[in-house]
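Trainee: Before I rely on any contact named in a model, I would like to learn how each label is earned. Could we go through some of them together?

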Amino acid sequence: MSEATDAHRDLHCEQGARKGEHPGRSRNPVIKVRDIAWLEFEKPDLLRAEAFAQAFGFSTAMRSEDELQLRGGDAGAPCLIVRRGPRSRFVGTAFTAQHRADVVRLAEEIGVAARPLPESIGGLSADLVDPSGIPVRIVADTHALAPLPPQLPQVLNVGHDLLRANATQRPRRIPARVQRLGHVVLQSTRYLETLNWYLDHLGMIVSDFLYFPGQRHLGPAMSFIRCDRGDTPADHHTLAMALGPRNRYVHSAYQVSDMDALAAGGEYLRDRGYHRSWGIGRHIQGSQIFDYWRDPDGFLVEHFADGDMFDSSLEPGWAAFTATGLAQWGPPVTRDFLGITPGRESVEELRAMWRAVREHDNEFTLTRLRGLMKVASS
């Protein structure tokens with residue numbers, strides 16, 4: 001093993017790369033994005049979408065008859081842009097470039113025109129499409145919303161460190177105030193091709209690879225990808241991508257101040273009849289304390305706190321992709337989270353499996369299907 005792999009061993013994964021495996025980064029990317037900016041959706045009922053969003057902890061930045069912009073408390077652009085549409089669907093992702101010139105350079109490389117964004121957002125955008133067919137905006141110079149008053153974390157007595165005396169802990173059951181958008185998880189039938197596209201064009205780097213049980217020799221089947229900020233630490237993953245039978249949104253994650261905010265906010269959501277998918281627990285890759293919920297349109301969204309932050313020096317870890325390997329502690333992973341609860345979504349996934357293995361223009365083969373089936377039972 002290389003020195004990078006050895007130094008990496010005890011940091012976040014038991015295994016590093018073997019000789020000849022994917023390096024997890026591009027040698028000469030076109031640009032290096034700084035962060036994820038926002039996600040875009042279409043939904044027929046904006047009032048229902050806004051009601052859930054406010055219960056989840058977003059604030060409304062802008063509302064019109066046909067568009068809803070939702071923000072966290074941190075300064076910057078909105079986290080979500082929801083437009084009125086005939087059906088509920090995920091539209092695409094936006095990433096923030098380091099500089100306006102990067103937007104222009106990437107647009108020229110791809111062969112598209114950089115164009116101004118609507119005045120409500122401001123700035124410049126290069127509108128791309130990744131190999132999975134998902135729209136990707138690269139933006140710069142957008143309007144920065146002023147920060148909102150934060151939800152302060154609880155003062156904790158940890159071990160023998162006494163920081164709170166003659167005072168009680170009474171976290172209120174209120175919405176967990178979203179601070180920012182942390183990451184999005186996507187599924188792709190062209191996983192490796194799409195992964196390389198993000199590394200080559202956006203300069204992102206892999207924090208951890210997962211492989212299907214017994215199939216490490218076939219290469220990774222999921223990757224947790226962060227922004228390359230050099231010596232400045234970035235989220236363990238801003239984008240995660242998994243191999244699957246269709247191209248789709250899996251979930252998105254939003255940071256809150258601490259575990260009390262996450263837990264009390266979950267009680268608030270539960271009291272209002274919303275559906276918890278899985279939680280509360282702590283992940284392995286990324287280490288986040290997590291709590292997953294379904295919005296009224298069935299989209300999976302996550303509250304998280306206390307995630308890992310890596311600079312560019314860490315090399316990728318490698319681990320088997322298993323259901324039990326998704327959390328260090330917490331309740332067993334649910335069928336709903338895995339997408340195998342009987343219903344319209346799981347039926348569509350089964351149909352997609354049948355189509356994908358019969359076609360020859362994607363990476364989801366019968367062998368890969370067998371590997372995926374092992375994930376839920378391992």
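Trainee: What makes the contact between the side chains of Asp 141 and Arg 100 a salt bridge?

Mentor: A salt bridge is a side-chain nitrogen of Lys or Arg within 4 Å of a carboxyl oxygen of Asp or Glu, and the side chains of Asp 141 and Arg 100 meet with an N to O distance of 3.1 Å, so the pair satisfies that rule. Asp 141 lies in the loop between strand 8 (135-140) and strand 9 (180-188), whereas Arg 100 lies in helix 3 (residues 100-110), so the contact ties together parts that are 41 residues apart in sequence. Please keep in mind that this is a predicted model, in which local features need pLDDT of at least 70 and side-chain atom pairs count only at pLDDT 80 or more, while totals for chains, interfaces and linings use all residues. Residues are numbered from 1 along each chain as its sequence is written, and side-chain values use heavy atoms, with hydrogens and water left out.

Trainee: How do you know where helix 3 begins and ends, and why is Arg 100 called partly exposed?

Mentor: Helices (H or I, at least four residues) and strands (E, at least two) are DSSP runs, numbered from the N terminus, and helix 3 covers residues 100-110. Buried means under 20% relative accessible area, exposed over 50%, and partly exposed in between (1.4 Å probe, protein chains only); Arg 100, at 41%, is therefore partly exposed.

Trainee: Which residues form a salt bridge while both lying in helix 3, about one turn apart?

Mentor: They are Asp 102 and Arg 105, three residues apart, and their closest N and O atoms are 2.5 Å apart. Asp 102 counts as buried because its relative accessibility is 7%, whereas Arg 105 counts as partly exposed at 39%.

Trainee: How many salt bridges does a search of the whole structure find, and which residues are linked in a network?

Mentor: The search finds 29 salt bridges, and Glu 40, Glu 67, Arg 83, Arg 115, Asp 127 and Arg 137 are linked in a network of them.

Trainee: Why is the aromatic pair of Phe 56 and Tyr 254 called edge-to-face?

Mentor: Rings of Phe, Tyr and Trp (its six-membered ring) pair if their centres lie within 6.5 Å, and planes under 30 degrees apart count as stacked, over 60 as edge-to-face and the rest as tilted. Phe 56 and Tyr 254 are 6.0 Å centre to centre with 90 degrees between the planes, so the angle falls in the edge-to-face class. This pair links Phe 56 in helix 2 (residues 46-56) with Tyr 254 in strand 14 (residues 248-255), 198 residues apart. Phe 56 is buried, with a relative accessible area of 0%, and Tyr 254 counts as buried at 0% as well.

Trainee: What makes the pair of Trp 278 and Phe 290 tilted?

Mentor: Their ring centres are 4.4 Å apart and their planes stand at 45 degrees, so the pair is tilted. Trp 278 belongs to strand 15 (residues 275-283) and Phe 290 to strand 16 (residues 289-294), and both residues are buried.

Trainee: How do you know that Cys 79 is in no disulfide?

Mentor: A disulfide is a pair of cysteine sulfur atoms within 2.5 Å, and by this rule the count comes to zero. For Cys 79, the nearest cysteine sulfur, that of Cys 227, is 15 Å away, so the rule is not met. Cys 79 counts as buried at 4% relative accessibility, and Cys 227 counts as buried at 2%.
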